[in-house]
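Could you walk me through this structure, starting from its core and working out to the surface? I would like to see how the helices, strands and charged pairs relate to one another.

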Amino acid sequence: MTAYVIVQETIKDQAMFNDYRKDVPATLEPFGGTFVVRGGHLTIVEGEWVHPRLVVIAFPTRAAAEGWYGSPAYQKIVPLRVASSTGNFIIVDGNA
């Protein structure tokens with residue numbers, strides 16, 4: 001079953017975030033992760049949206065998504081994301 005990493009974020013330090021952002025794709029490859037949405041223009045049609053940036057990453061399985069998140073390669077760059085942005089970060093199962 002496909003799983004998704006969904007991130008809502010507000011960038012506080014663009015230069016530091018750019019360092020994080022350039023390194024993410026290489027960490028996804030071993031786990032089959034692909035970007036579905038990576039930033040882009042948001043149009044809010046209902047409700048409130050707190051963070052102006054949205055990222056959606058698809059993985060072939062939840063195990064792959066969790067493996068990516070816990071991998072040494074990704075964990076090495078997590079401090080850059082944490083220091084340069086605020087937001088929400090989740091893993092969710094897709095439809096069966």
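Below we go through the core, one of the helices, the salt bridges and a surface patch. Please keep in mind throughout that this is a predicted model.

Let us begin inside. The largest nonpolar core is made of 16 residues, and V5, V24, I57, F59, W68 and Y74 have the most contacts within it. Several elements build this core together: β1 (3-11), α1 (14-28), β3 (53-59), α2 (62-70) and α3 (72-84) each bring at least two residues to it. The largest share comes from α1, with 4 residues. This fits a broader pattern, as nonpolar side chains in soluble globular proteins tend to be buried together.

W68 is a good place to pause and look around. Once neighbours within four places in sequence are set aside, W68 is in contact with V5, V24, T27, L28, F31, I57, F59, Y74 and F89. Among these partners, V5, V24, I57, F59 and Y74 also appear with W68 in the group that has the most contacts inside the core.

Now turn to α3. Its buried residues are Y74, I77, V78, R81 and S84, and their cover includes β1, α1, α2 and β4 (85-93). The helix also has a kink of about 30 degrees at V78, shortly before the proline P79. I77, another member of α3, shows how a part of this helix is covered. I77 counts as buried because its relative accessible area is 6%, where the limit for that label is under 20%. Leaving out residues up to four places away in sequence, I77 touches Y20, D23, V24 and T27. With Y20 the C-alpha atoms are 6.0 Å apart, although 57 residues separate the two along the chain.

Next come the charged side chains. Side chains of opposite charge can pair when their charged atoms come close. In this model the count is 4 salt bridges. One of them joins R53 and E9, with 2.8 Å between the closest N and O atoms. This pair ties together distant parts of the chain, since R53 sits in strand β3 and E9 in strand β1, 44 residues apart. Both R53 and E9 are buried.

The bridge between K22 and D23 has an N to O distance of 3.1 Å. Are these two residues buried or exposed? K22 is exposed, with a relative accessible area of 58%, while D23 is partly exposed at 30%. D23 is also one of the residues that I77 touches.

A further bridge is found in helix α2, where E66 and R62 lie 4 residues apart, about one turn of the helix. Their side chains meet with an N to O distance of 3.0 Å. An α-helix has 3.6 residues a turn, so residues three or four places apart point the same way. E66 is partly exposed, with a relative accessible area of 40%, and R62 is partly exposed as well, at 30%. The pair does not stand alone: R62, E66 and D93 are linked in a network of salt bridges.

Finally, let us step out to the surface. Which residues form a nonpolar patch there? They are L42, I44 and W49, which together have about 260 Å² of accessible area. To find the patch in the view, look for I44 in the loop between β2 (34-38) and β3.

Note on methods: Residues numbered from 1 in each chain as written. Predicted model: local features only at pLDDT ≥ 70, side-chain atom pairs only at ≥ 80, totals over all residues. Heavy atoms only, no water. Core = buried A, V, L, I, M, F, W, Y, C linked by side-chain atoms within 4.5 Å. Buried < 20%, exposed > 50% of the residue type's maximum accessible area, 1.4 Å probe, protein only. Contact = heavy atoms within 4.5 Å. Patch = residues over 30% accessible without salt bridge, like charges linked within 9 Å, V, L, I, M, F, W, Y side chains within 5 Å. Areas by Shrake-Rupley, 256 points an atom, 1.4 Å probe, with all protein chains shown as cover. Bend = angle between axes of the 7 residues up to and from the residue.
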